[in-house]
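Thanks for sharing this one. Here are a few notes to read with the model open beside you.

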Amino acid sequence: MLKNYLKTAYRNLVKNKFYTAINIVGLAVGIATCLLILLYVSDELSFDRYNTQAQRIYRVNNEIKFGDNHVDLAVAPSLMGTTMVKEIPEVEQYTRIQWHGSLLIKKGNENLREDHVAYGDSTLFEVFTLPMISGDPKTALREPHSLVISEKIAKKYFNSIDPVGKEMIINDSLNYKITGVIRNIPSQSHFNFDIFVATSENPYSRDDNWLSENWNTYILVKKNANFNKLNTEINAMMDRYVGPELQGVVNMSLDQFKKSGGYVRARLSPLTSIHLHSNKTGELGGNGNIQFVYIFSAIALFILLIACVNFMNLSTARSFNRAKEVGVRKVLGSLRKNLILQFLAESVLISFIALIFAVVIAYLLLPYFNQLSGKTIKVDTIFQPGMIFSLVILMLIVGFLAGSYPAFFLSSFQPIAVLKGKLVAGFKRSWLRNALVVVQFVITIVLIIGTMVVFNQLNYIRATDVGYNRNQVLVINGTSVLGDQAVTFKNELMGITGVQNATITGFLPTDYERSSDAFFTSTALDPKSAISMQIWSVDENYIPTLGMKMLDGRNFSPQFPTDSSGIIINEAAAKFLNTKETLNRKLYTITDFKSKKTNEFHVIGVVKDFNFYSLHYLVTPLALSFGKNNDNISVRVDASNTPSVISAIKTKWKTLASGQPFDYGFMDEQFNSIYNAEQQVGRISITFSVLAILIACLGLFGLVTYAAEQRTKEIGIRKVLGANVPVIVGMIMRDFLKLVIIASVFAFPIAWWGMNKWLQNFAYRVDMGWWIFLIAALIAVAVTLITISYQAIKAAIANPVTSLRSE
């Protein structure tokens, strides 16, 4: 029976090659799109799941509120982990990680820069699954001056995966011993380091201050641990240790501090949720966004739905052609369920053929898709058992979804009515078919509007005034190796033709280096008057080099010795202080919590707000201090002769830092990298929107072709009675244009709701003007007219004698 179903289905498909081709192409593109996005979503959801104990690992976050300040941190106090193991029975083990910063490693006669470096506890390998190729994971990071390196680094420096016991010369002065080599950390990890340094090297690893958060702390809980109970116990422990320190600092008990609206509390993030659900201060890398997973999943579903609607529409539109077949089958004894199975077999067969083409399309487009999405998905992922199983299920779902309505619709025909020719199956009378076309265009218009809004927001980000001039600023990294000669190097750069200005500091708006502190308006240290501010050490050339604007007061100057305790605050900090006399205002920070020793600053100027996080966030209070930070040197260069300026700078570098790597980049490129995720969304959105339009056009082309065929005699009669070509073309087009207009009415509010919700993620965002919706509707109308015009004109200019010859 199944063989007979398939044979009959094959004959019908071959008999109607044109409509079969439209259905297969539409479904193939839809399934291929679904497959690519399924690979993307699978990759995003797989982050950190390579850890065998992933379901038992949590990161300890800290959330702090005092006065009007609120800080959400991915880090915790140094003693958090070890205290939890001692006092909370559910916690089995802990480990800590902290960014180390770049290392210069000697290879031959030159130093190579390695950026993916972190401090790690000796318990790192007990918590995370980081397979060690050589070395003992239990002791690898216990001793000072010990390193655990990845397989990639081992091959790079030793041309071997077993260099345990050998040494590396770090920063031209220190010898570190290799105590372990681990497999390269999978790319699906929220941290990806190549070198781990023993935490005993970090003086802050033994910090007993519970109000100082510096460590990404992870705990391994025991099996079947109660999550809610664990949260309660952790915060009770926090109260025991934070309370006395608060009392000593702000002369307030913990209860008084909480009554004033303040709190210091811990929150746990499951390891597997960090990548998509966490965007806190102090993350170990740039995380993803669950919204993008939802958006791409919805796009895949929409495109697949459009392809299925095409199939359903063409099948039901051609129902009249197969009505007699159904009538004859029923007269000869076929049951309705057999007819349903026959039509479903046709649908599944088309779906199977489309699946084969879809896999080929996805295979060919995967490299392009990787570039588009920033992923490194391997081709063999498509052919993994789990993915093949998913594709087979997807094929069956598509087959049954696309074929269900035609199957039930066609099998419901009454044989007597069919064989007497009383069955009327015209285009105009199918309200469901029209409704499905409307659904197609609703989806298409929503995608068009969404794409336009995303690109408008990206253009807004590029064009908006962020408070500094990022263009033509060359950032030289790793200048700390120059030591005291950094100032000499900067001064020599100023003498190069084409160099307009230069500044020495690691604190840049486009960089990740950050440092915050609590500032108080008096030595009473009242938390209600406290303000949490970024505090950046810069020199006197920082503001002019980056093109920032002073609103009040003056810039730093070596001519004023008192500037060593002076600060320049931004507008956000000035508004927080809420005073008319901002200049010379004194602010205090705590340098020693136990003795309550403070450091006094005075405000010498106010700089215009500049965005030092992405435009997702409002500008928060910030203070610039006159100090020393040699991490980077930023140079503003003349745009007319950039290559020769870079060459001259490199020559100066080799003179002062022979053997050290000359590593540089441009600030505008760093700025653009902050919005990589949004740019990827934009590129993917426009690509899939075009695909959605093409698939919808395929179905529309098939429908108008069939509609013209069905109305051949009507068009012939109209031409005989005097109708000209424009009138007939307008008659055919009118039916479809009505559907586009109806679709626009439904699409506009859906698109407005969805994109308005997406824009809420940006503190600074573009407005959705009415013109966006108008343009989207006009694009839909234009696409419709272009798609149906050929068939409409072809039908209108046909010779009426040919169509009426049989009458």
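**Notes on a cavity and some aromatic contacts**

1. Leu458, Ile461, Arg462, Phe671, Asn672, Tyr675 and Gln679 line the second largest cavity. Two elements, α14 (431–463) and α19 (667–674), each give two or more residues to this lining, and α14 gives the most, with three. Here a cavity is a set of points on a 1 Å grid over the protein atoms alone where a 1.4 Å probe fits but cannot get out, and lining residues have an atom within 4 Å of a point. Helices are DSSP runs (H or I, at least four residues) and strands likewise (E, at least two), numbered from the N terminus.

2. Please bear in mind that this is a predicted model, in which local features need pLDDT of at least 70, side-chain atom pairs count only at pLDDT 80 or more, and totals for chains, interfaces and linings use all residues. Residues are numbered from 1 along each chain as its sequence is written, and side-chain values use heavy atoms, leaving out hydrogens and water.

3. Phe671 is also worth a look from the other side: Arg470 lies over its face, 3.8 Å from the ring centre. That label requires CZ of Arg (or NZ of Lys) within 6 Å of the ring centre and within 35 degrees of the ring normal. Arg96 lies over the face of Trp215 at 4.6 Å.

4. Phe489 in helix α15 and Trp653 in helix α18 are 164 residues apart in sequence, so their pair ties together distant stretches. The pair is edge-to-face, at 5.7 Å centre to centre with 75° between the planes (centres within 6.5 Å make a pair; planes over 60 degrees apart are edge-to-face).

Methods:
On a 1 Å grid over the protein atoms alone, a cavity is a set of points where a 1.4 Å probe fits but cannot get out, and a pocket is an open set with protein on both sides within 12 Å along at least five of seven lines; lining residues have an atom within 4 Å of a point. Rings of Phe, Tyr and Trp (its six-membered ring) pair if their centres lie within 6.5 Å; planes under 30 degrees apart count as stacked, over 60 as edge-to-face and the rest as tilted.
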